Amino acid sequence: AEWNGKDSPPSVVGKTSPAVLERVGRNLHRLEGHPLSILRRKIYDFFDGHLESHVGPTPVFAKYDELSPVVTTSENFDSLLVPPDHVCRSATDTY
């Protein structure tokens, strides 16, 4: 399968439900008035309005809005230093 123009490992596609797969690429979080868009805006407003860097009104956090919603095991666990035997790595956990 392909995500954002590149192949995804079979393990990623195989563990992703068809309901999720059919919604990838619709960018619902960007549609004005959609609940995900409203939530995204509230989160942005919170971080922009309540948290400022020590050098002034520059936001402390960067916003990444175009990343693939599907991640590999390495991206989801290994890069975050989650131990191999941690319960959240269970095949039945939908994280």
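Me: What makes H34, L36 and S37 contacts of L28?

Reply: Setting aside neighbours within four places in sequence, L28 is in contact with H34, L36 and S37. The word "contact" is used when heavy atoms come within 4.5 Å, so each of these residues has to meet that limit with L28. Keep in mind that this is a predicted model.

Me: Where is L28, and why is L28 called buried?

Reply: L28 is in the loop between α2 (18–21) and α3. Its relative accessible area is 18%, and buried means under 20%, so L28 is on the buried side of the cut-off.

Me: How do you know that S37, one of those contacts, is buried or exposed?

Reply: The same kind of reasoning works here. S37 has 6% relative accessibility, and the limit for buried is under 20%, so S37 counts as buried. S37 lies in helix α3. Leaving out neighbours within four places, S37 is in contact with L28, H29, R30, L31 and E32.

Me: What makes R40 a case without a salt bridge?

Reply: R40 is in helix α3 and is buried, yet has no salt bridge. The nearest side chain of opposite charge is D65, 4.5 Å away. A salt bridge needs the nitrogen and the carboxyl oxygen within 4 Å, so R40 and D65 do not qualify.

Me: Which residues does R40 contact?

Reply: Beyond its neighbours within four places in sequence, R40 is in contact with H29, R30 and D65. The side chain of R40 also reaches the backbone oxygen of H29 at 2.8 Å.

Me: Why is the pair R30 and D65 called a salt bridge?

Reply: The N to O distance between their side chains is 3.1 Å. The limit is 4 Å, so R30 and D65 pass the test. R30 is in the loop between α2 and α3 and D65 is in the loop between β4 and α4, so the pair ties together parts that are 35 residues apart in sequence.

Me: How do you know whether R30 and D65 are buried, exposed or in between?

Reply: R30 has 36% relative accessibility and D65 has 25%. Partly exposed is the class between under 20% and over 50%, so R30 counts as partly exposed, and D65 does too.

Me: How many salt bridges are there by this rule?

Reply: The count comes to three. One of them is R41 with D45, with closest N and O atoms 3.3 Å apart. That value is within 4 Å, so the pair qualifies. R41 and D45 are four residues apart in helix α3, which means about one helical turn separates them. R41 is partly exposed at 39%, and D45 is partly exposed at 43%.

Me: What makes D78 and R89 a salt bridge?

Reply: Their side chains meet at 2.6 Å, N to O, which is within the 4 Å limit, so the name fits. D78 and R89 both lie in the segment after α4, so the pair ties together parts that are eleven residues apart in sequence. D78 is partly exposed at 39%, and R89 is partly exposed at 22%.

Me: Why is E66 called exposed?

Reply: E66 has a relative accessible area of 68%. Exposed means over 50%, so E66 earns the label. E66 lies in the loop between β4 (56–59) and α4 (73–76). Its C-alpha atom is 9.0 Å from that of N27, 39 residues apart along the chain.

Me: What makes I43 a candidate for a surface patch?

Reply: A patch residue needs over 30% relative accessible area. I43 has 41%, so I43 clears that bar and counts as partly exposed. I43 is in helix α3 (residues 35–50). Together with L39, F46, F47 and F61, I43 forms a nonpolar patch on the surface, with about 470 Å² of accessible area together.

Me: What does the protein look like overall, read along the sequence?

Reply: The pattern is β-β-α-α-α-β-β-α, which comes to four helices and four strands. Of its 95 residues, 14% count as buried. The protein exposes about 7700 Å², and carbon and sulfur atoms supply 58% of that area.

Terms used
Residues numbered from 1 in each chain as written. Predicted model: local features only at pLDDT ≥ 70, side-chain atom pairs only at ≥ 80, totals over all residues. Heavy atoms only, no water. Patch = residues over 30% accessible without salt bridge, like charges linked within 9 Å, V, L, I, M, F, W, Y side chains within 5 Å. Areas by Shrake-Rupley, 256 points an atom, 1.4 Å probe, with all protein chains shown as cover. Helix = DSSP H or I, 4+ residues; strand = E, 2+ residues; numbered from the N terminus. Buried < 20%, exposed > 50% of the residue type's maximum accessible area, 1.4 Å probe, protein only. Lys, Arg positive; Asp, Glu negative; His and termini not counted. Polar contact = N/O pair within 3.5 Å; in protein donor to acceptor, adjacent residues only side chain to side chain.
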